[in-house]
Amino acid sequence: MAALPDLEDWIVDSNAAFNISLVSPTPSGLQLISTFNPSFTYPIFGEDEKIFGYKDLKINLRYRANDMRPHVQTSHSSKFTPIGETEPMDVLGMLKEDAQLPDIAFGKAADFESNSQKLGDNWTPPGTLHATFEGPDDTYEIWTGTLADPAIKQLNNRIQLLIPLFIEGGSYIGQTPDSDSTETEMPDADRWTLFLLYRKQPSSTDPEKSSYVFVGYSTVYRFFYFQPPPTPPASPNHNWELPQGDLDLAQLPCRTRLSQFLILPPFQGSGLGSRLYKSIFEHYHKHSQTHEFTIENPNEAFDELRDTCDLKFLRTVPEFAALRLNPAVKVGKKGLIPQLIKGGENLEAVRAKTKIAPRQFARVLEMHVMSQLPDSVRPRIDPDEKVPSKTAADRHLERLWQLLVKQRLYRHNRDLLAQIEPSERIEKLDATLLGVELEYARLLAAHGSVSASAAKAKRKLDDDAESTSSKRTRMDDE
């Protein structure tokens with residue numbers, strides 16, 4: 001009697017088996033530009049990110065680097081022979097159903113390659129050219145358009161799988177891309193705007209022409225922004241009537257929300273994400289209908305990019321740059337805390353002018369005033385760094401800054417903190433404050449707002465990622 005197979009031998013890591021590549025057409029065939037693995041595959045293959053039933057399984061998802069037409073192939077050296085209800089996972093079926101790639105991705109390899117050869121160098125990205133800048137290696141262009149544009153919608157269908165593959169918890173937008181159709185049926189398609197980042201370089205066959213390589217993108221959604229009526233409200237006009245015909249939502253006040261943001265792994269680490277975010281933010285800061293620019297559920301990596309960019313922008317605003325702690329403030333042990341910021345009565349006006357969401361504005365303000373603290377009390381990422389002795393005035397400013405942060409933390413976590421004893425409440429606030437200090441110190445060092453010794457300490461801290469994460473508290477600090 002034959003021995004039963006060891007099932008463990010037929011399990012592969014889906015992240016390692018899944019390979020993504022960018023290819024570019026040339027006269028001699030497709031040229032490989034870059035290849036990389038996804039960060040997450042659980043949306044397709046389950047929480048364990050394991051695939052059963054194969055040995056040496058390879059899932060190759062190729063994207064044509066300009067228009068991002070996909071093509072997927074699988075290969076393996078052995079496939080498990082079903083025993084009863086135990087059978088190999090249907091990899092292609094799961095890719096069709098859960099990866100939501102368009103049907104064109106499952107065509108013949110020969111069709112994908114021959115079609116790529118015919119595309120030529122006269123291709124340009126969909127939408128309209130939004131911005132151009134010089135990067136570390138080539139020229140980069142940002143193109144933009146809404147999902148009401150069939151070409152933008154088609155491109156979105158091709159690339160949106162990349163969101164859950166690289167952003168934990170990332171989800172699709174728009175229609176389920178069950179085909180490569182360019183038809184648009186979304187009722188709110190015109191509210192979705194895509195910003196597409198491309199590297200532009202001379203064609204390998206004709207220096208007078210250019211070729212494009214997709215680098216990353218971001219999606220933005222516009223919500224109606226309710227403006228409270230004046231107090232007292234104006235007298236009603238009994239002759240008022242509803243507007244006739246279609247209402248142009250683009251002309252209404254809105255809250256603009258950045259929903260998705262991705263730079264492909266081969267292009268990360270060279271400042272391209274900051275350039276894309278800066279271009280998007282500046283566009284909506286100048287957009288008269290936008291009253292507030294917000295972010296949907298940012299992860300830790302994006303938070304750092306956003307904080308650094310927002311701080312740099314806000315320091316160009318004179319009213320913000322002038323903000324600082326008010327050393328004349330006296331804070332007692334009991335009673336209400338007075339305004340801690342000099343000129344703080346104008347904070348809301350400054351925030352509204354910059355169009356940054358209230359909680360984010362408060363965080364960046366805390367970073368800004370923390371960078372102004374005396375050397376003796378400013379939080380640092382190197383606990384062994386030598387600092388001057390603290391004076392009474394220094395300790396007073398330190399306490400004001402800590403109270404400023406704790407005020408925000410308490411407001412944001414009020415419901416949670418109200419359920420615990422006052423002594424434990426104070427302990428949790430103090431612990432979260434330490435995490436905020438470390439986070440801000442790292443960001444200020446990266447931003448170049450602190451001394452060279454602190455920047456050196458940042459590099460030391462980055463080499464010990466486990467130590468950094470272990471010091472972070474779990475209470476929500478934003």
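Strand β13 contributes the most to the lining of the largest pocket, supplying 7 residues. I begin with this pocket, and I should say at once that the model under discussion is a predicted one. The volume of the largest pocket is about 960 Å³. Its lining consists of 38 residues, and those closest to the centre are Ile167, Phe261, Asn299, Ala301 and Phe302. Besides β13, which spans residues 254-263, the elements that each supply at least two lining residues are α6 (162-166), α7 (272-286) and α8 (300-314). As to chemical character, the lining divides into 20 nonpolar, 15 polar and 3 charged residues.

Let us stay with β13 and turn to its partner. Strands β13 and β14 pair in the parallel sense, over 5 bridges. One residue pair may serve as a point of reference on the screen: arginine 255 has glutamate 292, in β14, as its bridge partner. Is strand β14 enclosed or open to the surroundings? Of the 6 residues in β14, which covers residues 290-295, 5 are buried, and the strand is therefore largely enclosed by the rest of the structure.

A helix presents a comparable question. Why may helix α5, residues 150-159, be described as largely enclosed? The reason is that 8 of its 10 residues are buried. These are Ile152, Lys153, Gln154, Leu155, Asn156, Asn157, Arg158 and Ile159. The buried residues of α5 are covered by elements that include the strands β6 (58-64), β7 (70-75), β10 (139-146), β11 (192-202) and β12 (210-224). Helix α6, which we met in the pocket lining, is also part of this cover.

I now widen the view to the whole chain. It has 16 helices and 16 strands. Of its 478 residues, 46% are buried. Among contacts between residues at least 6 apart in sequence, 71% join residues at least 24 apart.

Next, the nonpolar interior. The largest nonpolar core holds 116 residues, and within it Phe45 and Tyr277 touch the most other members. Helix α14, residues 422-447, provides the largest share of this core, with 9 residues. Which residues does phenylalanine 45 touch, if we set aside those up to four places away in sequence? They are Ser14, Phe18, Lys50, Ile51, Ile59, Met89, Val91, Met94 and Leu95.

I close with two individual positions. Asparagine 60 is located in strand β6, one of the elements that cover α5. Its relative accessibility is 27%, and asparagine 60 therefore counts as partly exposed. Beyond its neighbours within four places in sequence, asparagine 60 is in contact with Asn19, His71, Val72 and Gln73. For histidine 71, which is 11 residues away along the chain, the separation of C-alpha atoms from asparagine 60 is 8.1 Å.

The second position is proline 82, in the loop between β8 (78-79) and α3 (91-97). With a relative accessible area of 48%, proline 82 is partly exposed; the cut-off for exposed is over 50%. Apart from neighbours within four places in sequence, proline 82 is in contact with Glu87 and Pro88. Its C-alpha atom is separated by 8.7 Å from that of glycine 53, although the two residues are 29 apart along the chain.

Terms used
Residues are numbered from 1 along each chain as its sequence is written. This is a predicted model: local features need pLDDT of at least 70, side-chain atom pairs count only at pLDDT 80 or more; totals for chains, interfaces and linings use all residues. Side-chain values use heavy atoms; hydrogens and water are left out. A nonpolar core is a set of buried Ala, Val, Leu, Ile, Met, Phe, Trp, Tyr and Cys residues joined through side-chain atoms within 4.5 Å. Buried means under 20% relative accessible area, exposed over 50%, partly exposed in between (1.4 Å probe, protein chains only). Helices (H or I, at least four residues) and strands (E, at least two) are DSSP runs, numbered from the N terminus. Contact means heavy atoms within 4.5 Å. On a 1 Å grid over the protein atoms alone, a cavity is a set of points where a 1.4 Å probe fits but cannot get out, and a pocket is an open set with protein on both sides within 12 Å along at least five of seven lines; lining residues have an atom within 4 Å of a point. Grid points are joined across faces, edges and corners, and a volume is the space filled by probe spheres set on the points. Ala, Val, Leu, Ile, Met, Phe, Trp, Tyr, Cys and Pro count as nonpolar, Asp, Glu, Lys and Arg as charged, and the others, Gly among them, as polar. Two strands pair if DSSP finds at least two bridges between them.
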